Amino acid sequence: MYRSAMYDKPLLNEIAHIKKDKIKSIDTFPNALQRKEKVNIPDLDETQIVRHFYRLSQMNYGIDSGIYPLGSCTMKYNPKICEEIAGWDDFANTHPYQDVSTVQGNLEIMLELERMLCEITGMDYFSLQPAAGAQGEFLGMLITRAYHELNKDNERNEVILPDTAHGTNPASVTMAGYKLIEIPSTKDGTVDLEMLGKALSEKTACFMLTNPNTLGIFESEIIEISKMVHKAGALLYYDGANINAIMGKARPGDMGFDIVHLNLHKTFATPHGGGGPGSGPIGVKIKLEKLLPIPRIARKDGKYLFDYNVPQSIGKIKGFYGNFSVLLKAYIYILMMGRDGLKEASEIAVLNSNYMKEKILKSEKYDMPYKQLRKHEFVLSCEKLKQEKGITAKDVAKRLLDYGLHPPTIYFPLIVKEALMVEPTETESKEDLDEYIDVLIKIANEDPELVKNAPINTPVKRVDEVGATKNPVLTWKMI
Amino acid sequence: MKFIPNSNIKNSMLKEIGLNNINDLFSDIPQKIRIKNIELDNGLSQQDTEKKLREIACKNKSYHQLTSFIGGGIKPHYIPSFVKSIISRAEFYTAYTPYQSEASQGFLQAMFEYQSIIAELTGMDVANCSLYDGVTSLGEAALMCTRINRKKTFIIPENISSDKKSVLKNYTKGSELEIKEIPYDLKTGKIDLNQLKKNVDGNTAGVYIENPNFFGVFEDDVDTISKIVKDAGSIFVIGIDPISLGITKSPSEYGADIAIGEGRALGNPMDFGGSSLGIFACKKEFLRQMPGRIIGLTKDSESNRAFCMALQTREQHIRRSRATSNICTNEGLCALAAVSYLSWLGGNGLEKLSKANFENGQKLAKQIESIKGFKKMFTGVHFNEFVIKCDEDPDKINKKLLQKNIQGGLLLESEYPDLKNCVLFGITEIHNDADIEKLISALKEVSNV
């Protein structure tokens, strides 16, 4: 039976002796700014700090701990070699403004990575600047805006999204100042062409789509969708969160997408770091290249350089050139995988997903609304369990934790009731998939009270999230 | 195949679910857009990959091969080895955003501690657990100001980095917020108070200043500035360098409503400019307008202390188009480095670190000024960066320094036409007297030619 490590977990300030000492003032320092008392932060010895965080790490679940099938998050194994190389002095200790002749290696990697991502997606140019997928989306919207402004097409103030879209999509749309038009999906779970046709107009700036969508269904009408969108004078945007399903099989560029973002911390195996850093490069078709952020990376006479001379560029969306350490790890991953490896990754990611789906559905404990063939992920519904035994998707998720397994994404996409969104990825073995399937079925047969009171084997029991929002305690001073 | 354990058994797995061929799984992709292959090379073994990367790495010069004195908001700092050891714990770095709190107590607690330490450092009530970087923090802060008071101008000093100006412009494009720049005083390098006073009015959503500013100069008229901002009923946003806070007042002591900054220097390497760490803290009254993830302390079902993400109703995965920001992935691991590093420094260590940076800054400026042909541009007291005006073309000087494996200061003239032949030098605690001597003797040599 699984048991998580569990410690009494004092906070740093409860371990440390904090003294409110006076500061020895500096004569030459402006008096109005001189600090009087030392900063009130813990002062610990290295041994204490290491042990504190080591213990905390033992109360945390990562992809190295086990399967992590969060839908749309592509939690695949993060190769250790990438971490090691990204830590090398020659990369980690370079300054973004040092003379370009002394960072030729960095620029070579960035330009090569741009080229690789172009090949994988079928786009013409890439920018590596966005720090995350959501920032890539936001940049995509800024480019959309700049494109229409350039064409003096200033009436376009709407962006259309299907109701299955990731939450970042609508947020990025409004942040860029666009009005959001959401269209419902068909009973197959795909884009409703009739609804799309009705929504498209001379006001449409862009249609944002994930393909395969968040149900894991490939939008087979994509060529028609692309025609309709372009006929209306709008751009077609690809949310690349799900591209792990189609590498080497199909490319968004060939489907007619004008802008694509990728999440390197998903498909390209760089770690999520408990929340970040990530990286969300965007690729565009040639007509949008001149709008990409500065600097562009170029090669001239065998030398790499930064090109700031891009008059129509939208400028910058992040400091410097993007999350270089993440870019480097993705570059190493793609080098190792190569053409066949990436294709194999997508094939097995889709196989693993369909294998799990079939076996789970056979148990008849969970339903799966919408079309049956799925790609890298599938979305189950716990509605039947809820009706029959009062067990919700959240209960199932929490009970999975008791078996030492990370739950799927829950309650998303919003069009599936009591949703469990499962994305196993290609890096899980059949044995691990089988175990997960068995546990999911087992939970459906367990005493509902046990499931509703889960988890019990974790460092804490079920956490009161509502309380954390009602009475926010956000620092140790507020306790 | 690498990292794909089921490669060898795919046929039997296919058979188990009633399929014959892997392509059956892709039958819903229209023929017209199917491809056979990606036009990339075949994959390399780990051994060959490492060899190739060694060759590429040789084309770079790290700080250890190229003694660097370049300013511009990012500089090398010392990182004790244990920090890397902590952030290399795979339970931390291979975890996702802590949606499942019961399996993420370790990271959640660490982020709660990070928020607590940032709150102490800035003197603010609350902090989030990171944004992308200090640059985008400014964009988010401006948007937050107008969300709070619905006013339509945001005021910045002319002398902030060009990255910040550009990002701010892009972040506010969708908001009808107008950005106004206040010039700096050519003599002191500080913000022009008269111009500031003239421009701040009832329409001002927020006023941003940085301490020290982009030229390395401390804005010490903070009480006057604060009064101007408060009198107009505007929101005061202060950009900080955390390394300076061991000796400077916390921004809350001179009236900050929102404190932001770049936190990379706290235990994170330069990484060619990324990763980075966006610090974002504010007063409690503005909490619900804050962007980004916030970790809260709560209880579990048996009343034990527990942590989870709090106030998620501000965020995109719940609030969607009405979220306070679109941010999802942040810089959590860099925040983890920062909290472990800061708890090692403690209040004493931070004071020492601040002083070392300040003193090295004074020492280097003085020694450069002692060479003929170099003069400090501004009279304002500076921290660990400062502007030097050269008699000669600084670009040429930098090229000559480079031949001696020294990286000179950042050229400012293209960005600031008033600052002809000016460069921005930067120095930190990692530079010792020998490093300084190396630069000074090289400068003497190259400027005599």
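What follows is a chat about a predicted model of two chains, A and B.

Me: How do you know that the predictor is confident about chain B?
Reply: Look at pLDDT, the predictor's confidence in each residue, which runs from 0 to 100. Chain B has a mean pLDDT of 96, and 99% of its residues reach 70 or more. For the complex, the predictor gives an ipTM of 0.98 and a pTM of 0.98.

Me: What makes chain A as compact as a globular protein of its length?
Reply: First, the ingredients: chain A has 16 helices and 12 strands. Its radius of gyration is 25 Å, and the globule rule gives 23 Å for 479 residues; those values are close, so chain A counts as compact as a globular protein of that length. Along the principal axes, the C-alpha atoms of chain A fill a box of roughly 75 × 65 × 45 Å. Buried residues make up 60% of chain A.

Me: And what does chain B look like by the numbers?
Reply: Chain B comes to 13 helices and 15 strands. Its C-alpha atoms fill a box of roughly 80 × 55 × 50 Å, and 59% of its 449 residues are buried.

Me: How do you know that contacts in each chain join residues far along the sequence?
Reply: Take the contacts in chain A between residues at least 6 apart in sequence: 71% of them join residues at least 24 apart. In chain B, among contacts with a separation of 6 or more, residues 24 or more positions apart account for 72%.

Me: What makes S101(A) partly exposed rather than buried or exposed?
Reply: Count the neighbours. S101(A) has 13 other C-beta atoms within 10 Å. Buried needs 20 or more and exposed means 12 or fewer, so a count in between is called partly exposed. S101(A) sits in the loop between α4 (89-92) and α5 (104-121) of chain A. S101(A) and G71(A) are 30 residues apart in sequence, and their C-alpha atoms are 43 Å apart in space.

Me: Why is G123(B) called partly exposed?
Reply: G123(B) has 18 other C-beta atoms within 10 Å. Buried starts at 20 and exposed stops at 12, so this residue also gets the in-between label. You'll find G123(B) in the loop between α5 (105-122) and β2 (126-127) of chain B.

Me: Which residues does G123(B) touch, leaving aside neighbours within four places in sequence?
Reply: G123(B) is in contact with S250(B), P251(B), S252(B) and E253(B). To be in contact, two residues need C-beta atoms within 7 Å. As for K283(B), that residue is 160 residues from G123(B) along the chain, with 9.2 Å between their C-alpha atoms.

Me: Why is helix α7 of chain B called mostly covered?
Reply: Helix α7 (residues 162-171) of chain B has 10 residues, and seven of them are buried. They are D163(B), K164(B), S166(B), V167(B), L168(B), N170(B) and Y171(B). The cover includes α6 (134-149), β3 (153-157) and β4 (178-182) of chain B, together with α6 (133-150) of chain A.

Me: What makes β10 and β11 of chain A edge strands?
Reply: They belong to an open sheet of three strands in the order β10-β12-β11 (chain A), with antiparallel pairing. β10 (378-381) and β11 (409-410) of chain A each pair on one side only.

Me: How do you know that β10(A) and β12(A) pair?
Reply: Pairing takes at least two bridges, and four bridges join β10(A) to strand β12 (residues 419-422) of chain A. One example is V379(A), whose bridge partner in β12(A) is M421(A).

Me: How is chain A divided into domains, and which ones touch?
Reply: The assignment gives domain 1 (12-58), domain 2 (81-337) and domain 3 (344-467) of chain A. Domain 2 of chain A brings 19 residues to its contact with domain 3 of chain A, which brings 17 residues. The domain 2 side has eight nonpolar, eight polar and three charged residues. The C-alpha centres of these two domains are 30 Å apart.

Me: And what are the domains of chain B?
Reply: Chain B has domain 1 (5-51), domain 2 (67-79 + 347-448) and domain 3 (81-341). The C-alpha centres of domain 1 and domain 2 of chain B lie 54 Å apart.

Me: How many residues bring the two chains together?
Reply: 161 residues of chain B are in contact with 167 residues of chain A. On the chain B side, helix α11 (residues 332-369) gives the largest share, 17 residues. That side divides into 72 nonpolar, 56 polar and 33 charged residues.

Key. Residues numbered from 1 in each chain as written. Chains lettered and ligands numbered in written order. Predicted model: local features only at pLDDT ≥ 70, side-chain atom pairs only at ≥ 80, totals over all residues. Helix = DSSP H or I, 4+ residues; strand = E, 2+ residues; numbered from the N terminus. Nonpolar A, V, L, I, M, F, W, Y, C, P; charged D, E, K, R; others polar. Domains from an automatic or database assignment. Rg over C-alpha atoms; globule rule 2.2 N^0.38 Å.
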